[in-house]
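This report is meant for a reader meeting the structure for the first time, and it moves from a single residue to the wider arrangement. Please keep the sequence and the model in view while reading.

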Amino acid sequence: KKRELILAIESSCDDTACAVMEGRKVLSNVVANQSVHAEYGGVVPELASRAHQAHIVPVVTKALKEAKVSKQDLEAIAFTSGPGLMGSLLVGTSFAKSLSMALGIPLIDVHHMRAHVLAHLIDGDDMRNPEFPFLCLTVSGGHTQIVRVDSPLELTVLGETIDDAAGEAFDKTAKLLGLPYPGGPEVDRRAQMGNPDFLAFSKPQIEGYNFSFSGLKTSVLYTLQAKQKEDPEFVQNHMDDICASVQKTIIEILLKKLVKVSRDTGISHIAIAGGVSANVGLRKALETTATEENWSLYLPPFEFTTDNAAMIGIAGYYLWKDGHSADLGISAKARVNL
Ligand code: KG4
Ligand code: ZN
């Protein structure tokens, strides 16, 4: 019997990643981060694209080596076709196309946000796979969505942000506070030492299941400007308390909608994905809410929640099993619906 070996490539933003999967199991999962963006306070698309070009061959080589798999044994190539930064997506897309053509095996295009959700279906020692149907809250630097998953191929977006993503809310408020990029982890660290009830920020009033985070940034800015007028040292002296208060607000916005969707749909299997799911405060709040609402909560290992290629591999695996394959003329798409 042939081994179900799939090589997967992810290059949608600032991480160049490659994984080798055998069915639902991860044989290797390699990520090269890009440090070039830190000094600019955000991802610079042109620099990201160039760094992907420099990283892609070594990353793919390393993934094959760690998996102890030779290219000739691969059954399919999966890659992220969108959404993401165009120049970044094109590097992975052209590489995947060439490899699939050279090896004469199917090319599987994968939607980045579907992959974040389907990472929960990976078969691994420290993974608990959710039962269907489940809800996934995907919270990253670029996206905030609540997705209903009825099967590996049936995903429906029930709610999403109408402006900034949750990760952006962390990063932008951190920038206001003069903290280094990316601000999320730093706000998280400081929030653990601060008082979450120190300041109150206004929360969006939006009907239904959608989110909005752009107002929070403005609320933080105006609140701090007023406080700084009275005390020029205010931010410096209360950094941890401010971080804790901002973080609390973001978590409340996220959880309010997640609880609403769960109650309305009657779905109590709840999963979380994306970089912001590393947030300690969010994880604690989810655990408390899970007890109150009788949820089964699925918090996957960190390596499968931030951008990685194993998630592209698992999503590609289900598409491949379903007989899907992309035409070699396929191009990357910066914006594409789930
Ligand atoms: O999923 P991800 O690695 O990349 C994409 O955006 O696709 O998410 C990155 C985002 C950044 O906004 C970063 O600040 C945020 O996740 N993040 C966090 C934490 N770790 C990463 N936000 C809050 N608390 C954290 N511990
Ligand atoms: Zn992502």
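Which residues does isoleucine 270 touch, not counting residues up to four places away in sequence? The model to be consulted here is a predicted one.

## Isoleucine 270 and its surroundings

Isoleucine 270 touches Phe134, Leu135, Leu258, Ser262, Ala290, Trp295, Leu297 and Tyr298, when residues up to four places away in sequence are not counted. This isoleucine is part of strand E9, and it counts as buried because 24 C-beta neighbours lie inside 10 Å, where 20 or more are needed.

A separation in sequence can also be set beside a separation in space: isoleucine 270 and glutamate 4 are 266 residues apart along the sequence, and their C-alpha atoms are 29 Å apart.

## Two domains and their contact

The protein chain is divided into domain 1, which comprises 5-122 + 305-321, and domain 2, which comprises 134-299. The contact between them takes 15 residues from domain 1 and 19 residues from domain 2, and on the side of domain 1 that touches domain 2, helix H3 gives the most, with five residues. By class, that side of domain 1 has eight nonpolar, six polar and one charged residues. The C-alpha centres of domain 1 and domain 2 lie 28 Å apart.

## The shell around ligand 1

Where does ligand 1 lie with respect to domain 1 and domain 2? Both domain 1 and domain 2 give residues to the shell around ligand 1, so the ligand lies between them. There are 19 residues around ligand 1, and of these Ser140, Gly141, Gly167, Gly184 and Gly275 come nearest.

Helix H4, at 166-176, and helix H5, at 183-191, each supply at least two residues of this shell, and H5 gives the most, with four residues. Sorted by class, the shell around ligand 1 has six nonpolar, 10 polar and three charged residues.

## Annotated positions: His112, His116 and Asp307

An unreviewed UniProt entry lists His112, His116 and Asp307 under "binding site". Although these positions are spread over 196 residues of sequence, they cluster in space, with a largest C-alpha distance of 8.9 Å.

Histidine 112 lies in helix H3, which covers residues 112-118, and histidine 116 has its place in helix H3 too. Histidine 112 is buried because 26 other C-beta atoms lie within 10 Å, and the cut-off is 20 or more; histidine 116 counts as buried with 30 C-beta neighbours inside 10 Å. Leaving aside neighbours within four places in sequence, histidine 112 is in contact with Ser12, Thr80, Gly82, Pro83 and Gly84, whereas histidine 116, with neighbours left aside in this way, is in contact with Thr138, Ala273, Gly274 and Met311.

## Further annotated positions

The annotation "binding site" in the unreviewed UniProt entry also covers Thr138, Val139, Ser140, Gly141, Gly142, Asp171, Gly184, Asp188 and Asn279. Glycine 142 has its place in the loop between strand E6, at 134-139, and strand E7; it is buried, with 21 other C-beta atoms within 10 Å. Apart from its neighbours within four places in sequence, glycine 142 is in contact with Cys13 and Ala165.

Asparagine 279 is found in the loop between strand E9, at 269-273, and helix H9, at 280-293. With 25 C-beta neighbours inside 10 Å, asparagine 279 counts as buried, and, leaving aside its neighbours within four places in sequence, asparagine 279 is in contact with Gly184 and Asp188, residues that the UniProt annotation covers as well.

## A hairpin and a helix residue

How many bridges join strand E7 to strand E8? Six bridges join E7, residues 144-151, to E8, residues 154-160, and these strands run antiparallel. They form a hairpin with two residues between them, and within this pairing the bridge partner of glutamine 145 is glutamate 160 in E8.

Is alanine 54 buried, exposed or partly exposed? Alanine 54, which has its place in helix H1, residues 45-67, is partly exposed because 13 other C-beta atoms lie within 10 Å, a count between the limits of 12 or fewer for exposed and 20 or more for buried. The C-alpha atoms of alanine 54 and threonine 16 are separated by 9.5 Å, while the two residues are 38 residues apart along the chain.

Notes
Residues are numbered from 1 along each chain as its sequence is written. Chains are lettered from A and ligands numbered from 1 in the order in which they are written. This is a predicted model: local features need pLDDT of at least 70, side-chain atom pairs count only at pLDDT 80 or more; totals for chains, interfaces and linings use all residues. A residue is near a molecule or strand if its C-beta atom, placed from the backbone, lies within 6 Å of it. Ala, Val, Leu, Ile, Met, Phe, Trp, Tyr, Cys and Pro count as nonpolar, Asp, Glu, Lys and Arg as charged, and the others, Gly among them, as polar. Domain bounds come from an automatic or database domain assignment. Two strands pair if DSSP finds at least two bridges between them. UniProt positions are given in the numbering used here, feature names are shortened, and annotations may be inferred rather than shown by experiment. Two residues are in contact if their C-beta atoms, placed from the backbone, lie within 7 Å.
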